[in-house]
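Hi everyone, thanks for making time. I've got one structure to walk through today, so let me put it on the screen.

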Amino acid sequence: MKFEGRCWRFGDNIPTDRLVKTQYVFEPMEILVQHVLEDLNPEFPKQVRPGDVVFAGKHFGQSSGRAIATKALQATGIGCVVAETFARTFYRNCFEVGLPALEVGLNPGFAADGDRVRVDLTTGEFTNLTTQTMIRGAAADPFLVEMLEAGGLISLAKSRPEVFR
């Protein structure tokens, strides 16, 4: 599972409430997606393209465990979200909705906003194509890759009813 695109760089300690503001939680996804991360970068919802990569610092997705945050981030079309560390609930929610995620440890200056990057979940490699450098996080567990390939947990359960009874 490889993803390549523009890097959208965000900082540390970003709660789900900053991904999706409370006032938009009950809006249809086509409205909600127009406001994802807009407080932190007003250009993100306007300019994000399919395959782009969100790269954040420590504790990305902290606070509430609302799955709408991962669903909205996925709806922007990004290929993957990479962070130094994730809030555990947010990380789990990513895979459950089919949004690839990679944790790469403490590497705050590795990629800048606008750099071209590539992520390989099966090897854990995060490559900055702009600077020609690479770091490695833990490769995604094969079961999580299978879940992503199925489109998330519900799709996986439907495709393998003998396992999910």
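**A walk through the fold**

Okay, before anything else: this is a predicted model, so please keep that in mind for everything I say.

Let's start with the overall picture. The chain has seven helices and seven strands. If you read along the sequence, the pattern goes β-α-α-α-β-α-β-α-β-β-β-β-α-α. So how does the radius of gyration of the chain sit with a compact globule? For 165 residues you'd expect something near 15 Å, and the chain has 15 Å, which agrees. Along the principal axes, the C-alpha trace spans about 45 × 40 × 25 Å.

A few more whole-chain numbers. Of the 165 residues, 48% count as buried. The accessible surface is about 7,800 Å², and 52% of that belongs to carbon and sulfur atoms. And for those of you who like contact maps: take the contacts between residues at least 6 apart in sequence, and 63% of them join residues at least 24 apart.

Now, annotation. UniProt, in an unreviewed entry, puts a domain feature on residues 53–102, called "Aconitase A/isopropylmalate dehydratase small subunit swivel". That span is 36% helix and 20% strand, and its end C-alpha atoms lie 11 Å apart.

On to the strands. Strand β1, residues 2–9, runs antiparallel to strand β5, residues 116–120, and five bridges join them. To give you one pair to click on, K2 has D120 as its bridge partner in β5. Then β5 also pairs with β6, residues 125–128, again in the antiparallel sense, this time over four bridges. There, V117 stands opposite N128 in β6. β5 and β6 form a hairpin with four residues between the strands, and in that hairpin G124 takes a positive phi near 80°.

While we're on β6, have a look at T127, which is in that strand. T127 counts as buried because its relative accessibility is 15%, and the cut-off is under 20%. Setting aside residues up to four places away in sequence, T127 touches F110, R116, V117, R118, T133 and M134.

Next, helices, and I'd like to take α4 first, residues 68–75. Which residues of α4 are buried? They're A69, T70, A72 and L73. These cover an arc of only 160° around the axis, so they end up on the same side of α4. As a reminder, an α-helix has 3.6 residues a turn, so residues three or four places apart point the same way. What covers that buried set? The cover includes helices α1 (16–19), α2 (29–32), α3 (44–47) and α5 (88–97), plus strands β2 (53–56) and β3 (80–83). After α4 comes G77, and its phi is positive, near 95°.

Then there's α6, residues 142–150, where the buried residues are L144, V145, M147 and L148. Their arc is only 155° around the axis, which puts them on the same side of α6. On the other side of α6, P142 and E149 are exposed. The buried residues of α6 pack against α5 and α7, with α7 being residues 153–159.

Last stop: two loop residues. G57 is in the loop between β2 and α4. Is G57 buried or exposed? It's buried, with a relative accessible area of 0%. If you leave out its neighbours within four places in sequence, the contacts of G57 are R9, F10, G11, D12, A83, E84 and T85. By contrast with those contacts, D39 is 18 residues from G57 in sequence, and the two C-alpha atoms are 17 Å apart.

The other one is N41, in the loop between α2 and α3. N41 counts as buried too, at 15% relative accessibility. Beyond residues up to four places away, N41 touches W8, F10 and D113. F10 is a name you just heard, in the contacts of G57, and here it is again next to N41. If you want a long distance to try in the viewer, N41 and A139 are 98 residues apart along the chain, and their C-alpha atoms are separated by 29 Å.

That's what I had. Happy to rotate the model if anyone wants another view.

Definitions and conventions: Residues are numbered from 1 along each chain as its sequence is written. This is a predicted model: local features need pLDDT of at least 70, side-chain atom pairs count only at pLDDT 80 or more; totals for chains, interfaces and linings use all residues. Side-chain values use heavy atoms; hydrogens and water are left out. UniProt positions are given in the numbering used here, feature names are shortened, and annotations may be inferred rather than shown by experiment. Two strands pair if DSSP finds at least two bridges between them. The radius of gyration is taken over C-alpha atoms; the globule rule is 2.2 Å times the number of residues to the power 0.38. Buried means under 20% relative accessible area, exposed over 50%, partly exposed in between (1.4 Å probe, protein chains only). Contact means heavy atoms within 4.5 Å. Accessible areas come from the Shrake-Rupley method with a 1.4 Å probe; for residues, only the protein chains shown count as cover. The arc is that of the directions from the helix axis to the C-beta atoms.
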